[in-house]
Amino acid sequence: MSFQINLQPSGHHYSADDNVSLLDAALAAGFVLPYGCRNGACGSCKGKVISGEIDHGKAQLSALPDADRSKGLALFCCATARSDLTLECREVANAKDIPLRILPCRVQHIERVASDVIILSLKLPTNERLQFLPGQYIEFLLKDGKRRAFSIANAPHQDELLTLHIRRVDGGSFTTHVFEVMKEKEILRFQGPMGTFFLREESSKPIILVAGGTGFAPIKAIIEHAIEQKHSRPMQLYWGAQSRSGLYLPELPAKWPLDYVPVLSNASAGDDWIGRTGFVHQAVITDHSDLSEFQIYACGSPAMIDAAHRDFIAAGLPEEEFFADAFNLAPPGS
Ligand SMILES: Cc1cc2nc3c(=O)[nH]c(=O)nc-3n(C[C@H](O)[C@H](O)[C@H](O)COP(=O)(O)OP(=O)(O)OC[C@H]3O[C@@H](n4cnc5c(N)ncnc54)[C@H](O)[C@@H]3O)c2cc1C
């Protein structure tokens, strides 16, 4: 059975089946409510039931004591609807509303998808989930005090594991460790989520996404989120790499409901490439001489982002419609 849920003070509405948590139904409808563990233990999703009947589900007493229940409070990650409801809770409008956390994690899988790219899957402690916006990143806190930034490649609705796409940096201390020493079950610590590279959902403009190498990671998160949310905005993805192996998940974009343009900048005869060639951002301009009606999300090396910004603005893209993350190396010595 399905019920109507009215959120206050925003006035947003969504429907929730009686076997789906109020949080999951809100996320599925595109409304981001605050949450943490999604398991009734942390209390981050606590809000007030102003009217209607709920089932508290597996909410733990430590997170939702009886005194809270008698005030009409509930944990929306566990509560399910038993009637139409009016709920009072703050919605997450943008990244600053999501708490920055330090969490341990365990390496669950290490998958080598190219000679210089590893997909790392990280498991958080039981009862912990990281809340983030698609496109944001985390920073590993290393034992020597160094920090290393990596974008989250999964969308928030698939948050059982955090996945990262890690490119090996010649002489890089952390990525050399990942490629040569790291084993499954290794424990790491990170801080996150960070960054303002996330999908602006209030816009209705068509979207162009431009990825260079492992810059594909946050772009993948944004696309999978948009698909999950059934966005009607047209999306076009340009993914560039030097050689064919740099497009390290070749079958994935073909499964997405968007126009996919792979581009190689340095294809060799062995690549057997008959697709587009050159710099990935130039392929965008070749296809769209006027970018004034678009919104663009770009992620990759600092050189690629600089060139893309300069050339896209020259092609009419409004400055405020360009969103980017540049994969800078950590400053020397840090
Ligand atoms: C917000 C953000 C998100 C990121 N997300 C990702 C991601 O999802 N995937 C990913 O693969 N990377 C990502 N990066 C880049 C990643 O953080 C760096 O590659 C990381 O610092 C590598 O760590 P390292 O310890 O192996 O190398 P470092 O020790 O940081 O680098 C090695 C050292 O070698 C030198 N060096 C090596 N190559 C160069 C070069 N080309 N130019 C100049 N100096 C050089 C530098 O002195 C540098 O200090 C991201 C960066 C940022 C800022």
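## Lys46 and its partners

Lys46 counts as partly exposed, because its relative accessibility is 32%, a value between the 20% and 50% cut-offs. This comes from a predicted model, so keep that in mind as you look around. The side chain of Lys46 meets that of Asp68 in a salt bridge, with N to O at 2.7 Å. Because Asp68 sits in helix α2 (residues 66-70) and Lys46 in strand β3 (residues 46-51), the pair ties together parts that are 22 residues apart in sequence.

Is Asp68 buried or exposed? Asp68 counts as buried, at 11% relative accessibility. The link also has a third member: Lys46, Asp68 and Lys71 belong to a network of salt bridges.

## Other salt bridges

How many salt bridges does the structure hold? There are 12, and two more of them are worth a visit. In one, Asp311 pairs with Arg310, and the closest N and O atoms are 2.9 Å apart. Here Asp311 is buried, with a relative accessible area of 18%, whereas Arg310 is exposed, with a relative accessible area of 53%.

In the other, the side chains of Lys146 and Asp144 meet, N to O, at 3.9 Å. Lys146 counts as partly exposed at 24% relative accessibility, while Asp144 is exposed, with a relative accessible area of 54%.

## An open sheet of six strands

Now let us turn to the strands. An open sheet is formed by 6 strands, and if you walk across it you meet them in the order β11-β10-β13-β8-β9-β12. The pairing is antiparallel. Which strands lie at the edges? They are β11 (147-151) and β12 (161-167), each of which pairs on one side only. On average, neighbouring strands of this sheet are turned by 40° against each other, direction ignored.

For a closer look, try strands β8 (residues 101-114) and β9 (residues 117-123). These two run antiparallel and are joined by 7 bridges. A handy place to start is His109, which stands opposite Ser121 in β9.

## A helix across the sheet

Which helix lies across these strands? Helix α3 (residues 173-180) does, and the strands it lies across are β8, β9, β10 (137-141), β11, β12 and β13 (187-194). To picture its direction, follow β12: helix α3 runs at about 110° to that strand. You have already met β12 as one of the edge strands of the sheet.

Methods: Residues numbered from 1 in each chain as written. Predicted model: local features only at pLDDT ≥ 70, side-chain atom pairs only at ≥ 80, totals over all residues. Heavy atoms only, no water. Salt bridge = Lys/Arg side-chain N within 4 Å of Asp/Glu carboxyl O. Helix = DSSP H or I, 4+ residues; strand = E, 2+ residues; numbered from the N terminus. Buried < 20%, exposed > 50% of the residue type's maximum accessible area, 1.4 Å probe, protein only. Pairing = 2+ DSSP bridges. Axes fitted to C-alpha atoms, helices over the stretch in contact; angles between N-to-C directions. Contact = heavy atoms within 4.5 Å.
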